[in-house]
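This briefing covers a pocket, some aromatic rings and the charges that sit over them. Keep the sequence and the structure in view while reading.

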Amino acid sequence: MAEPTFRAPKGTRDILPPESSRRRALIDAFAVRASQAGFGEVMSPIFEDLGVFKRLGESTDVVTKEMFDFFDKGDPPQHLALRPELTASVCRAYAEHRPTPPWKVWYEGPQFRYEQPQAGRYRQFSQVGVETLGSDDPQVDVDTIVLGWRFYQSLGLSQVTLLLNSLGDASCRPAYLDALRSYLEANAENLSPQSQTTLERNPLRVLDSKRAEDQAVIAAAPLMVDFLSDETAEHFAAVRSGLDQVGVPYEISPRLVRGLDYYTRTTFEFAAEALTSAQNAVGGGGRYDGLVEALGGPSTPGIGFALGVDRILLACDAEGVFDTPAAAVKVFVVDVTESNEGLKVCEQLRAAGIGADRAYGGRSMKAQMKVADRSGAPLAAIIGDDELASGEITVRDLRGDSGQHRVSRDQLVATIQRLV
Ligand code: HAM
């Protein structure tokens, strides 16, 4: 094949059929679960005022290094950015429209981050997620986490670990940050140069370093859980007790800090053990009780998660679960009569809700049967000159062993419904 003139941009890719139908099935399955749990779908713009995303934290990589930002053609031009995630957009929408709380929404769609692409890390990737705004009841935290957990289970994934932490809130986090900063500064000479820079911007993010030379310092660092206020500790205990009640297993991960700055109290991540550790986070989330206010809305607690569709499918591949769904085309119509019979039969089948397709270009029986085979359809409806003359159709089983049946046009739909 000749070199193509253009390729999809770095970090993006075309999702072609049949892989795309697997993705669609995953998103549809999530939609069903989220709606059944009382979430309505929110559809937000793909780009927003850059300021919306700056609220994710001026010291996070997502904001400082990874934003796809641009100016529009207005006068004066507006500084916009492709969304790197959806929580900020949902909070912006809440502040703008002021729906009645608790506001429970789910979403799906592409996100954009200018990252160094590698397996499981792309510049355009897809998420499904939920957010609940307007309640800080720990039961909301439990419901949110359980929804994510059950979704992985429903796909057949069995090697997912739920990591859980509490990051405290405005009443106790500052004291912890002071203690952490003092400790890290005292041990700075034993940190990597990168972590020394991170320390100046945000000591919490040092805990997220995966560099070997940082691990000894991180292992002995003070932990947020030891600094939680009574109220925050009680909230965290209630979340754990709810998870215990419904039998969702978790690991307390006291150094889990997540990559975005808005988190308060409950934070969690879902790690797929079947993927290599660098890119094994298949989802994550937590509380962000100050974000709506930071976006100009009323003080409103919130919690949610986003699950990475691309990585979930990689985890499904690694575990050998959640196969590509069966082809929607159930009958491939083969017509060698050069009449309009094939067209009419396709029409008849589709009108009855049966997936049907056919070949074009007046090809031979053999060529059309080949296309039928490739289509994945379990049945072929064959129209030759004989069938045309007698007003009948030959239905042939392409995959199983129910052989061949010659039926009248009137019996066609019933015969096919019996066979598929
Ligand atoms: P996040 O941890 O940045 O959180 O992303 C959630 C998930 O999206 C990750 O666990 C991962 O599966 C997937 N993901 C992130 N970046 C990439 C990438 N470059 N390529 C492929 N997959 C990726 C959030 O986005 C928060 N908005 C989650 C949340 C919702 N927190 C509260 N509500």
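The charged end of Lys104 is placed over the ring of Phe39, at 4.7 Å from the centre of that ring. The model is a predicted one. The points below take up charges over rings, aromatic pairs, one tryptophan and one pocket.

**Charges over rings**
- Besides the Lys104 and Phe39 arrangement, Arg13 has its charged end over the ring of Tyr122.
- The distance from the charged end of Arg13 to the ring centre of Tyr122 is 3.8 Å.

**Aromatic pairs**
- The whole structure contains 11 aromatic pairs.
- One pair is formed by Phe68 and Tyr114, with ring centres 5.6 Å apart.
- The planes of Phe68 and Tyr114 meet at 75 degrees, so this pair is edge-to-face; the cut-off for that label is over 60 degrees.
- Phe68 is in the loop between α3 (61-64) and β3 (69-71), and Tyr114 is in the loop between β5 and β6, so the pair ties together parts 46 residues apart in sequence.
- Phe68 has a relative accessible area of 27% and is partly exposed.
- Tyr114 is also partly exposed, at 44% relative accessibility.
- Elsewhere, ring pairs join Phe30, Trp106, Phe151 and Phe305 into a cluster.

**Trp106**
- Trp106, a member of that cluster, belongs to strand β5.
- Is Trp106 buried or exposed? Trp106 has a relative accessible area of 6%, and buried means under 20%, so Trp106 counts as buried.
- Leaving aside residues up to four places away in sequence, Trp106 touches Phe30, Ala31, Ala34, Ser35, Phe39, Gly40, Glu41, Val42, Gly129 and Val130.
- Ser35, one of these contacts, is 71 residues from Trp106 along the chain, yet the C-alpha atoms of the two are 8.0 Å apart.
- Phe39, another contact of Trp106, is the residue whose ring lies under the charged end of Lys104.

**The second largest pocket**
- The volume of the second largest pocket is about 310 Å³.
- Its lining consists of 14 residues.
- Nearest the centre of the pocket are Ile15, Arg23, Pro110, Gln124 and Ser126.
- Which elements each supply at least two residues of the lining? They are α1 (19-36), β5 (103-112) and β6 (124-133).
- The largest contribution comes from α1, which gives four residues.
- By type, the lining of the second largest pocket has four nonpolar, five polar and five charged residues.
- Strand β5 therefore takes part in this lining and also holds Trp106.

Methods: Residues numbered from 1 in each chain as written. Predicted model: local features only at pLDDT ≥ 70, side-chain atom pairs only at ≥ 80, totals over all residues. Heavy atoms only, no water. 1 Å grid on protein atoms, 1.4 Å probe; cavity = no way out; pocket = protein on both sides within 12 Å on 5 of 7 lines; lining within 4 Å. Points joined across faces, edges and corners; volume = space filled by probe spheres on them. Nonpolar A, V, L, I, M, F, W, Y, C, P; charged D, E, K, R; others polar. Phe/Tyr/Trp six-rings, centres within 6.5 Å; stacked < 30°, edge-to-face > 60°. Buried < 20%, exposed > 50% of the residue type's maximum accessible area, 1.4 Å probe, protein only. Lys NZ or Arg CZ within 6 Å of the ring centre and 35° of its normal. Contact = heavy atoms within 4.5 Å.
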